[in-house]
Amino acid sequence: MGIPFNNSYARLPETFFAPIEPTSVSAPVMIRLNHDLATVLGIDAAWLDSPEGLAVLAGNQTAAGSEPLAMAYSGHQFGGFSPQLGDGRAILLGEVIGKDGVRYDIQLKGSGPTPFSRRGDGRSALGPVLREYIVSEAMAALGVPTTRSLAAVASGERVFREGFVPGGVFTRVAQSHIRIGTFQWFAARQDHVNLRVLADYVIARHYPEAMQEDNPYLVLLNTVIERQARLITHWMQLGFIHGVMNTDNMTVSGETIDFGPCAFLDTYDPEKVFSSIDRDGRYAFGNQGPIALWNLTRFAETLLPLLHEDQNKSIAEAEAALDRYSSLHQNSLQERFAAKIGIRDGDTSDWNLVKTLLAAMAEGEADFTLVFRHLSDALESGDNQSVTCLFRQPEAITEWLKTWRASLHDVDRSESLALMRRSNPVYIPRNHRIEEAIKAGNHGDYSLFHRLNDVLQQPFTSQAEFTEYEAAPAPHEVVQATFCGT
Ligand code: AMP
Ligand code: MG
């Protein structure tokens, strides 16, 4: 029983973190425990669901083998550099080697102050805990690389945000919590010795094949660029807006991290921003590709001392690596969106077809998820009605549908249908559904939270008992802004 900790980050030099115990909460209650994930981690789910397991997940008891610590990192937040961020409301309990052979971090979020808390309370409101639980598990079921939710716990305490609200503790699992900001921490301090220790650690943990190469650090840079390029297009394929793509919220493992003011598009709008603090649209839906490159450029800068002894050569190597990003991003985007309309190995004319559709969707305020899913129904039935009714002016899309059907003429119909149905989910965690689950959760009723989690476990399969989760929000249900997790 217990957690089979096997810690490696705690062995790194002390500048990497601050040891810190979680602070107890008064009356913890388990809201949801992810039994399947516990099993992957090699933890007995029944034990984790016991009072003893709850005490560990609430931060009330330090499990045997845990070496709790807060990680140090810096970061560019909305373009401005903060040299001193770090885990201000998160504590890494330790690592386990999962049944799949992968090393995982187990981290509490909202478990009390750390030396990095600055003026924050180190706590989390329950709302953001429920939101992160829902969205990260939905992302995992949708096939997107992401951190996972192991548990959501109500703390039984109140935290002060815009007034007093119920508090919670979230348990996050990640292949690691190392961010671009972690590299920036050492680069900003000109600590090249520990920068190399960090890079070697990341290579050994995430990209061991790079160790065999002539320049492992260049392979690291290239691999992170590739992972992130594909990650961002995966988000876009699903209409996901991260909302706070600061460099401290971008992992080097290529997992999505930090589900704060994130949201899925309802109606398609490339300029859509949800975060209430993103006034310039820096992290708008359609700006996620370019902003990822901006962040990766900051990452490349941190690696300059490692890439080559000669600084000019380092810069040339970094520039060449970054130059590959645009075509990686564009090719991946085209492939994913071609798949959404049933085309494998699309060419330029297929991409033009996608662009025309997206323009019509923006113009016609059509629901992103419903249009793509209904396209497969239209292909199967031959009837356009289920698609055209999603546009303000149905005529705007009839011509496009003709061209699309013609382009699919010599393609195997069942293959196209299968491709579309695994590229276009029926269910996404829609904002109004998350909001209603949080609202009820704040009053101690978790039934909607559970129901939403349940339906999202199989997002690509229509489930008769969950039809209400397919629908776009009615006008009065539309959520305009989401707020930071703080
Ligand atoms: P985030 O917006 O979650 O990416 O957090 C940005 C930074 O603010 C990180 O260093 C967090 O640890 C810190 N932070 C956010 N909320 C709190 C809080 N309630 N208490 C202490 N630090 C916080
Ligand atoms: Mg963060």
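Eleven of the 14 residues of helix α12 are buried in this predicted model, so the helix is largely enclosed by the rest of the structure. The buried set is made up of Phe-368, Thr-369, Leu-370, Val-371, Phe-372, Arg-373, His-374, Leu-375, Ser-376, Ala-378 and Leu-379. Quite a few helices share the job of covering them: the cover includes α7 (216-238), α10 (325-340) and α11 (348-363), along with α13 (385-388), α14 (395-407) and α15 (413-423). As for its dimensions, α12 runs over residues 368-381 and reaches 20 Å from its first C-alpha to its last, close to the 20 Å expected at 1.5 Å a residue.

Both ends of α12 have something to show. At the N-terminal end sits a cap, Asp-367, with a side-chain oxygen 3.3 Å from the backbone nitrogen of Thr-369. Just past the other end of α12, Gly-382 takes a positive phi of about 80°.

Asp-367 deserves a paragraph to itself. This residue is found in the loop between α11 and α12. Its relative accessible area is 5%, and buried means under 20%, so Asp-367 counts as buried. Besides the cap, a polar atom of the Asp-367 side chain lies 2.9 Å from the backbone nitrogen of Leu-370. The side chain of Asp-367 also makes a polar contact with the side chain of Arg-430, at 2.9 Å. Leaving aside residues up to four places away in sequence, Asp-367 touches Asp-266, Thr-267, Met-361, Leu-390, Arg-430 and Ala-472. Arg-430 therefore turns up both as a polar partner and in the list of residues touched.

Next comes the packing of helices against one another. Two packed helices are described by the angle between their axes and the distance between the axes. For α12 and α14, the axes come within 12 Å and cross at roughly 65°, so these two helices are roughly perpendicular to each other. Their crossing is right-handed. On the α12 side, Leu-375, Ala-378 and Leu-379 do the touching, and they meet Trp-400, Leu-401, Trp-404 and Arg-405 in α14. Those three α12 residues are also on the buried list.

Helix α6 (residues 192-206) and α7 make another such pair, with axes that come within 10 Å and cross at roughly 65°. That makes α6 and α7 roughly perpendicular to each other, and the crossing is left-handed. The residues in contact are Arg-196, Ala-199, Asp-200, Val-202 and Ile-203 of α6, which face Pro-216, Tyr-217 and Leu-220 of α7.

The axes of α10 and α11 come within 10 Å and cross at roughly 70°, so α10 and α11 are roughly perpendicular to each other. Here the contact involves Gln-330, Leu-333, Gln-334, Phe-337 and Ala-338 of α10, together with Trp-351, Val-354 and Leu-358 of α11. Both α10 and α11 also belong to the cover over the buried residues of α12.

Finally, a look at a strand residue. Leu-33 is found in strand β2 (residues 29-33). With a relative accessibility of 10%, Leu-33 counts as buried. Its neighbours, not counting residues up to four places away in sequence, are Ala-45, Leu-48, Asp-49, Leu-57, Tyr-133, Leu-150 and Ala-151. One of these, Leu-48, is 15 residues from Leu-33 along the chain, and the two C-alpha atoms are separated by 8.1 Å.

How values were computed. Residues are numbered from 1 along each chain as its sequence is written. Chains are lettered from A and ligands numbered from 1 in the order in which they are written. Side-chain values use heavy atoms; hydrogens and water are left out. Helices (H or I, at least four residues) and strands (E, at least two) are DSSP runs, numbered from the N terminus. The expected span of a helix is 1.5 Å times one less than its number of residues. Buried means under 20% relative accessible area, exposed over 50%, partly exposed in between (1.4 Å probe, protein chains only). Contact means heavy atoms within 4.5 Å. A polar contact is a pair of N or O atoms within 3.5 Å; within protein, one must be able to donate a hydrogen and the other to accept it, and residues adjacent in sequence count only if both atoms are side-chain atoms. Axes are lines fitted to C-alpha atoms, for helices over the stretch in contact, and angles run from 0 to 180 degrees between N-to-C directions. Angles under 35 degrees count as roughly parallel, over 145 as roughly antiparallel, 65 to 115 as roughly perpendicular and the rest as oblique. A crossing is left-handed if the near helix is turned anticlockwise from the far one by less than a right angle, and right-handed if clockwise.
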